[in-house]
Amino acid sequence: MSLVFYLFAALTLAGGLAAVLLKNTIHCALALTVAFAGLALLFLDLDAQFAGFAQILVYIGAVAILVVFAILLTRSSETPKDGVYSKNWLAGLAIAAGVFAVLAWAVLQSAGGLPQGAAATPAVTVLQIGNALLGRYVLPLEIVALLLTAAMIGAVIVAMHEKERAQR
Amino acid sequence: MSQATPLAGCLLVAALLFSIGLAGALTRRNAILVLIGIELMLNAANLNLIAFWRYGPHPEALTGMMFAIFSIAVAAAEAAVGLGLVIQVHRHARSTDLDAMNRMKG
C-alpha cells in the first residue's frame, strides 16, 4: 500500500468522522463533501477513472448540493439546545463499534485468502465501459433510467403535497 | 497487520467508513444527518466493489465497476426521495428531530 492510499484514506475517514460528529449541520454537509472527494480520489487511485469521475459528478455535484438545500429549507442549521445526539446514542455507538469489530475481524481472518499483491493495472477505456453498458448491461441500464425518472417524479410529488391540501 | 495487502487495506477503510456512517445514522437526532450517515454507508460499499474489481482475477470483465456505477445511480435516487420526505416531514411537524417523531398518525 502506498503513501498516497494512506493519505486519501485518512482524508476520507476524517471527512466522514467530521460529518458525523460536528454540531453545525452546514459544517456536517461540507465535511460530507470532503469525504465524497476523498472517496473519488481513492477510486482514481484504484484505477477506476470512470467511477471516480461519476462519484465527483453525482455525489459532490448533486447529492451534496441537495443536502445543503434540504438543510436550508428545513432551517436545521442552528444547533438545538438539548444536544445533537439521540437519547440512546450509547446503544447506537455500541452497535456501530460491534459491527466494525466483526467486519475487521472477518477481513483480517480472510486476509490470507484474498488476492495478494498488486495485480497488473487493468487497461479499461471508456469505450469498453460504454460497450458493456449498452451490450451486456443494457437491461439494468434501462431499469436505472426508469428508476431515476420515477424517483424524480416521486420526489416532486412528495414535496408538492402540502399546497394541494391547503386548497381543498 | 502482518500482511497488509492493498485489498485488505481497502476493505478495512471501507469497514471503518461503514461503521462511522452507521454510528452517525444511529446516534444523530436530525433526520438529514441520518441520511448523511446512510450515504456514507453506501459509499463504503462502493469502495468495496471497486477494490474487489481492481484486485480480483478478472478486472477486464468490469463486473464490480458496473455494480459500483449502478449503485451510485440508485444512491442518487435514494437521496432525492429521502430529502424530499424530510422536507415534507418538516412542513408537517415543524421539526426534523427524530426523537420528537413518535406518532404514526399525523
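Two residues are in contact here when they have heavy atoms within 4.5 Å of each other. With that in hand, take chain A: residues 24 or more positions apart account for 56% of its contacts with a separation of 6 or more.

Before going on, a word about what you are looking at. This is a predicted model, in which local features need pLDDT of at least 70 and side-chain atom pairs count only at pLDDT 80 or more, while totals for chains, interfaces and linings use all residues. Residues are numbered from 1 along each chain as its sequence is written, chains are lettered from A and ligands numbered from 1 in the order in which they are written, and side-chain values use heavy atoms, with hydrogens and water left out.

Let's stay with chain A for a moment. Chain A has six helices and zero strands, where helices (H or I, at least four residues) and strands (E, at least two) are DSSP runs numbered from the N terminus. Reading from that end, the elements go α-α-α-α-α-α. Of the 168 residues in chain A, 31% count as buried; buried means under 20% relative accessible area, exposed means over 50%, and partly exposed is in between, using a 1.4 Å probe and protein chains only.

Now see how the two chains meet. Two packed helices are described by the angle between their axes and the distance between the axes. The axes are lines fitted to C-alpha atoms, for helices over the stretch in contact, and the angles run from 0 to 180 degrees between N-to-C directions. Start with helix 1 of chain A (residues 3-21) and helix 1 of chain B (residues 6-27): their axes come within 9 Å and cross at roughly 10°. That makes helix 1 of chain A roughly parallel to helix 1 of chain B, since angles under 35 degrees count as roughly parallel, over 145 as roughly antiparallel, 65 to 115 as roughly perpendicular and the rest as oblique. From chain A, the residues in this meeting include F5(A), L13(A) and V20(A), and from chain B they include C10(B), L17(B) and G24(B). By class, this contact of helix 1 with helix 1 has 10 nonpolar, four polar and no charged residues. For these classes, Ala, Val, Leu, Ile, Met, Phe, Trp, Tyr, Cys and Pro count as nonpolar, Asp, Glu, Lys and Arg as charged, and the others, Gly among them, as polar.

Another pair of helices is set at another angle. The axes of helix 5 of chain A (residues 126-134) and helix 3 of chain B (residues 63-93) come within 11 Å and cross at roughly 70°, which means that helix 5 of chain A is roughly perpendicular to helix 3 of chain B. Here I129(A), A132(A) and L133(A) meet M65(B), M66(B) and F70(B). The residues of this contact divide into six nonpolar, no polar and no charged.

What about charges? Over all chains, the whole structure has two salt bridges, a salt bridge being a side-chain nitrogen of Lys or Arg within 4 Å of a carboxyl oxygen of Asp or Glu. One of them pairs D47(A) with R54(B), at 2.7 Å from N to O. D47(A) lies in the loop between helix 2 and helix 3 of chain A and R54(B) in helix 2 of chain B, so the pair joins two chains. D47(A) is buried, with a relative accessible area of 17%, and R54(B) is buried as well, at 6%. D47(A) also has a positive phi of about 65°, although it is not a glycine.

The salt bridge between D97(B) and R29(B) also has an N to O distance of 2.7 Å. This pair links distant parts of the chain, 68 residues apart: D97(B) is in the segment after helix 3 of chain B, and R29(B) is in the loop between helix 1 and helix 2 of chain B. D97(B) is buried at 18% relative accessible area, and R29(B) is buried at 12%.

Then there is E39(B), in helix 2 of chain B (residues 31-55). E39(B) is buried yet has no salt bridge, and the nearest side chain of opposite charge, R28(B), is 16 Å away. (Lys and Arg count as positive and Asp and Glu as negative; His and the chain ends are not counted.) Leaving out residues up to four places away in sequence, E39(B) touches residues of both chains, including F36(A), Y59(A) and A75(B).

Two more loop residues round off the tour. L62(B), in the loop between helix 2 and helix 3 of chain B, has a positive phi of about 65° although it is not a glycine, and L62(B) is buried, with a relative accessible area of 4%. L22(A) lies in the loop between helix 1 and helix 2 of chain A and counts as partly exposed at 34% relative accessibility. Not counting residues up to four places away in sequence, L22(A) touches H27(A), C28(A) and R28(B).
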